[in-house]
Amino acid sequence: MTYNLFIGRYQSPHKGHQTIFNEYLDNGLPILIAIRDVLPDEKNPLHAEEVKSIWEAIYRGNPLVKIIKIN
């Protein structure tokens, strides 16, 4: 399967991100959400695993969505 790739920190995940993702999904286009694994700080309060868990909960059961962490 070919995915439409989205790379980011997603600190914090919000409706704007989801709106963009859903535009692809609504058209039957698969997406790959690649979460940059950065050290938490003031601008990045969440660990990448926490961000990944949030997106996994939002898109649970959707076969068009793949979520990974990247360095």
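**Exercise 1. In which helix is glutamine 18 found, and is this residue buried or exposed?**

Solution. The model is a predicted one, and the first step is to place the residue: glutamine 18 is found in helix H1. The second step is to compare its relative accessible area of 17% with the cut-off, and because buried means under 20%, glutamine 18 counts as buried. The third step is to look for its partners, and, leaving aside neighbours within four places in sequence, glutamine 18 is in contact with Trp55, Ile58 and Tyr59. For one of these partners, isoleucine 58, the C-alpha separation from glutamine 18 is 9.0 Å, although the two residues stand 40 residues apart along the chain.

**Exercise 2. Work out the order of the strands in the sheet and the sense of their pairing.**

Solution. Three strands, in the order E1-E2-E3, form an open sheet in which the pairing is parallel. Strand E1 (4-8) and strand E3 (65-70) are the edge strands, each of them pairing on one side only. On average, and with direction ignored, neighbouring strands of this sheet are turned by 20° against each other. In a next step the pairing can be followed in detail: strand E2, residues 31-36, pairs with E3 in the parallel sense over six bridges. Isoleucine 33 stands opposite isoleucine 67 in E3, and isoleucine 35 stands opposite lysine 69 in E3.

**Exercise 3. Describe how helix H2 packs on the sheet, and explain why its buried residues line one face of the helix.**

Solution. Helix H2, which comprises residues 48-58, packs on the sheet and touches E2 and E3, its direction making about 175° with that of E3. E2, H2 and E3 together make a right-handed β-α-β unit. The buried residues of H2 are Ala48, Val51, Lys52 and Trp55. Seen down the axis of H2, these buried residues fall within an arc of 100°, and therefore they line one face of the helix. This can be set beside a general property: an α-helix has 3.6 residues a turn, so residues three or four places apart point the same way. The cover over the buried residues of H2 includes helix H1 (15-26), E2 and E3.

Lysine 52, found in helix H2, serves as a worked case. Its relative accessibility is 18%, and because the cut-off for buried is under 20%, lysine 52 counts as buried. Residues up to four places away in sequence being left out of the count, lysine 52 touches Ile35, Ile67, Ile68 and Lys69.

**Exercise 4. Determine how phenylalanine 6 pairs with phenylalanine 21 and with tyrosine 24.**

Solution. The count of aromatic pairs comes to six. In the pair of phenylalanine 6 and phenylalanine 21, the ring centres lie 5.1 Å apart and the planes stand at 65°, so this pair is edge-to-face. The pair links distant parts of the chain, with phenylalanine 6 in strand E1 and phenylalanine 21 in helix H1, 15 residues apart. Both partners are buried, phenylalanine 6 with a relative accessible area of 15% and phenylalanine 21 with one of 1%.

Phenylalanine 6 also forms an edge-to-face aromatic pair with tyrosine 24, at 5.2 Å centre to centre and with 80° between the planes. Because phenylalanine 6 lies in strand E1 and tyrosine 24 in helix H1, this pair ties together parts that are 18 residues apart in sequence. Tyrosine 24, at 29% relative accessibility, counts as partly exposed. As a last step, the wider grouping can be named: Phe6, Tyr10, Phe21, Tyr24, Trp55 and Tyr59 form one aromatic cluster.

Note on methods. Residues numbered from 1 in each chain as written. Predicted model: local features only at pLDDT ≥ 70, side-chain atom pairs only at ≥ 80, totals over all residues. Heavy atoms only, no water. Pairing = 2+ DSSP bridges. Helix = DSSP H or I, 4+ residues; strand = E, 2+ residues; numbered from the N terminus. Axes fitted to C-alpha atoms, helices over the stretch in contact; angles between N-to-C directions. Contact = heavy atoms within 4.5 Å. Buried < 20%, exposed > 50% of the residue type's maximum accessible area, 1.4 Å probe, protein only. Arc of directions from axis to C-beta. Right-handed = clockwise from strand over helix to strand, strands pointing away. Phe/Tyr/Trp six-rings, centres within 6.5 Å; stacked < 30°, edge-to-face > 60°.
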